[in-house]
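Notebook open, coffee poured. Here is what I looked up today, entry by entry.

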Amino acid sequence: MRGTFVNILRTNGPLGLYNRISASLLRQLTYSTVRFGIYEEMKQRAGADASHPLLVAMATSSGFLGGIAGNVADVLNVRMQQEAALPVHERRNYKHAIDGMMRMARDEGMGSWYRGWLPNSSRAAVTTAKQLAVYDVAKRLLLDYTPMEDTLTTQLSASLLAGLTAATVTSPIDAIKTRVMLSRDNQGIVELIRNIYRTEGVRWMFKGWVPSFLRLGPYTIGIFFFLEMHRKIYRNLHERESHSI
């Protein structure tokens, strides 16, 4: 990871760390909005006393649907970030995410938008379960069994635990998803796993865990920090509307 980081800085400068950010933004605009929207709606309907297994089930299903919604952006994100490591004649040279979507549809058919959708959606389901459900459960346990109150410290503690759990559990699925989306053939997932295990052993399951956690940790903390802010603002606005009525 350190070698990759230094190489990017040396060849592309600090801005190289944000290359192809359009695909990443498109992914969040599709994947994250769907999974958060569905989960919050289901949790509101289930009520404040929803059981832990129910929270996990709701987060898993919303994450799976979000993964499908954001699959094309995820394919583009993987491809565009991998571009610099490819020989010049193999590079796709997408200008930005929208250009990539149009060229994929034209050159590979609309089905290319859903390449690797199953491992991607499975990863999204597990990630969402470990992020949203673990956060809600951890926060509830901290409030119930410690002197901590619903403050920023409690929220940061619960979100850090959620990020750590998500990075660990999704590491094997993330490795499979990335290789499927980068492949140029239709190799099956079972055959792909068999080949990876044959050449790399068990260590492939947690290859890239450190950069994954360095991404998911701050990302998860940021998600719940702003989510709690939005919830507070929404409640205040809702109370004002109720009083005015």
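**Entry 1: what covers H3**

I began with the cover over the buried residues of H3, and I found that it includes helix H2 (21-46), helix H4 (71-82) and H6. A reminder to myself: this is a predicted model. The buried residues of H3 that I listed are Leu55, Met58, Ala59, Ser62, Gly63, Gly66 and Gly67. Do they line one face of the helix, or are they spread around the axis? Looking down the axis of H3, I get an arc of 165° that holds its buried residues, so they line one face of the helix.

I also checked the span of H3. With 18 residues at 1.5 Å a residue, H3 should span 26 Å, and its end C-alpha atoms are 26 Å apart, which agrees.

**Entry 2: aromatic pairs**

I then turned to the rings, and the structure holds four aromatic pairs. I wrote up two of them here, beginning with phenylalanine 64 and tryptophan 117: the ring centres are 6.3 Å apart and the planes stand at 80°, so this pair is edge-to-face. Since planes over 60 degrees apart count as edge-to-face, the label follows from the angle. This pair links distant parts of the chain, with phenylalanine 64 in helix H3 (residues 52-69) and tryptophan 117 in helix H6 (residues 117-145), 53 residues apart. How accessible is phenylalanine 64? I read 27% relative accessibility for phenylalanine 64, which counts as partly exposed. Tryptophan 117 is partly exposed too, with a relative accessible area of 38%.

Next came tyrosine 135 and phenylalanine 224. Their ring centres are 3.8 Å apart and their planes are at 5°, so I noted the pair as stacked. Tyrosine 135 sits in helix H6 and phenylalanine 224 in helix H9 (residues 209-244), so this pair ties together parts that are 89 residues apart in sequence. Buried or exposed, I asked of tyrosine 135? Tyrosine 135 has 0% relative accessibility and counts as buried, and phenylalanine 224 is buried with a relative accessible area of 2%.

**Entry 3: nonpolar cores**

Which residues have the most contacts inside the largest nonpolar core? That core has 19 residues, and the ones with the most contacts inside it are Tyr39, Leu55, Ala59, Leu132 and Phe224. I listed the elements that give two or more residues to this core: H2, H3, H6, H7 and H9. The largest share, eight residues, comes from H6.

Phenylalanine 224 turned up again, so I pulled its contacts. Leaving out residues up to four places away in sequence, phenylalanine 224 touches Gln131, Leu132, Tyr135 and Ser159. Apart from the largest core lies another core, of twelve residues, and I noted Tyr94, Met101, Met104 and Trp113 among them.

**Entry 4: two threonines**

I looked up threonine 128 in helix H6, and at 0% relative accessibility threonine 128 counts as buried. Its contacts, not counting residues up to four places away in sequence, are Tyr31, Arg35, Ala59, Ser62, Gly63 and Ala133. Ala59, Ser62 and Gly63 are also on my list of buried residues of H3.

Threonine 151 is in the loop between H6 and helix H7 (152-182). I have threonine 151 down as partly exposed, with a relative accessible area of 36%. I took one distance as well: the C-alpha atoms of threonine 151 and phenylalanine 5 are separated by 35 Å, with their places 146 residues apart along the chain.

**Entry 5: around H5**

Alanine 97 is found in helix H5 (residues 97-108), and alanine 97 is buried, with a relative accessible area of 4%. What does alanine 97 contact beyond its neighbours within four places in sequence? I found Ser22, Ala23, Leu26, Leu76 and Met80. Its C-alpha atom is separated by 41 Å from that of aspartate 49, which is 48 residues apart along the chain.

Most residues other than glycine have a negative phi. Asparagine 93 caught my eye, with a positive phi of about 55° although it is not a glycine. Asparagine 93 is in the loop between H4 and H5, and at 47% relative accessibility asparagine 93 counts as partly exposed.

**Entry 6: the record**

Last, I checked UniProt, where an unreviewed entry lists residues 1-45, 50-141 and 150-233 for "repeat: Solcar". Over residues 1-45 I get 80% helix and 0% strand, with the end C-alpha atoms 43 Å apart.

Definitions and conventions. Residues are numbered from 1 along each chain as its sequence is written. This is a predicted model: local features need pLDDT of at least 70, side-chain atom pairs count only at pLDDT 80 or more; totals for chains, interfaces and linings use all residues. Side-chain values use heavy atoms; hydrogens and water are left out. Rings of Phe, Tyr and Trp (its six-membered ring) pair if their centres lie within 6.5 Å; planes under 30 degrees apart count as stacked, over 60 as edge-to-face and the rest as tilted. Helices (H or I, at least four residues) and strands (E, at least two) are DSSP runs, numbered from the N terminus. Buried means under 20% relative accessible area, exposed over 50%, partly exposed in between (1.4 Å probe, protein chains only). The expected span of a helix is 1.5 Å times one less than its number of residues. The arc is that of the directions from the helix axis to the C-beta atoms. Contact means heavy atoms within 4.5 Å. UniProt positions are given in the numbering used here, feature names are shortened, and annotations may be inferred rather than shown by experiment. A nonpolar core is a set of buried Ala, Val, Leu, Ile, Met, Phe, Trp, Tyr and Cys residues joined through side-chain atoms within 4.5 Å.
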